[in-house]
Amino acid sequence: MSGDSKIGPQVGGVLRPVALRKIGAGSAAATNGAAPVPAAAEPVAAARLVGLTQALADQPAPVDMARVASLRSAIVGGSYSVDVGATAGAMLAFYRGTPGA
């Protein structure tokens, strides 16, 4: 049995999509305390998520262009210096999971 058989049935080497089954009221997932979502509300929630995604995509990047220009001019002018100790410490703190420490 190939690994693809876990995704869906194959016919002649072509994967055939199968319908997803709904979680029944008696299943463990349905009894976790959350109220079941009516099927009619699913398209509304999906449409809302698409709208939120589009709104986020339409926003400009949170970049301080004045700061970028300042750093560029400092690099070009040769006055920009890197504190290697502080940079290394920040990298180590980040990878240890304690940023800002």
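Right after helix 3, Gly97 adopts a positive phi of about 90°. Keep in mind that this is a predicted model, where local features need pLDDT of at least 70, side-chain atom pairs count only at pLDDT 80 or more, and totals for chains, interfaces and linings use all residues. Residues are numbered from 1 along each chain as its sequence is written, and side-chain values use heavy atoms, with hydrogens and water left out.

**Helices** (DSSP runs of H or I, at least four residues, numbered from the N terminus)
- Helix 3 covers residues 84-96, and Val84 sits in it.
- The 13 residues of helix 3 should span 18 Å at 1.5 Å a residue (times one less than the number of residues), and its end C-alpha atoms agree, being 18 Å apart.
- Helix 2 (residues 65-77) also has 13 residues and reaches 18 Å from first C-alpha to last, close to the expected 18 Å.
- Gly78 comes just after helix 2 and has a positive phi of about 80°.

**Aromatic pair** (ring centres within 6.5 Å; planes under 30 degrees apart are stacked, over 60 edge-to-face, the rest tilted)
- The count is one aromatic pair.
- Phe94 and Tyr95 have ring centres 5.1 Å apart and planes at 85°, so they go down as edge-to-face.
- Phe94 and Tyr95 are both exposed (over 50% relative accessible area, with a 1.4 Å probe and protein chains only).

**Surface patch** (nonpolar side chains joined within 5 Å, from residues with over 30% relative accessible area and no salt bridge)
- Ile75, Tyr80, Val82 and Val84 make a nonpolar patch of about 420 Å².
- Val84 has 62% relative accessibility, so it counts as exposed.

Notes:
Rings of Phe, Tyr and Trp (its six-membered ring) pair if their centres lie within 6.5 Å; planes under 30 degrees apart count as stacked, over 60 as edge-to-face and the rest as tilted. Buried means under 20% relative accessible area, exposed over 50%, partly exposed in between (1.4 Å probe, protein chains only). Patches are made of residues with over 30% relative accessible area and no salt bridge: like charges are joined within 9 Å, nonpolar side chains (Val, Leu, Ile, Met, Phe, Trp, Tyr) within 5 Å. Accessible areas come from the Shrake-Rupley method with a 1.4 Å probe; for residues, only the protein chains shown count as cover. A salt bridge is a side-chain nitrogen of Lys or Arg within 4 Å of a carboxyl oxygen of Asp or Glu. Helices (H or I, at least four residues) and strands (E, at least two) are DSSP runs, numbered from the N terminus.
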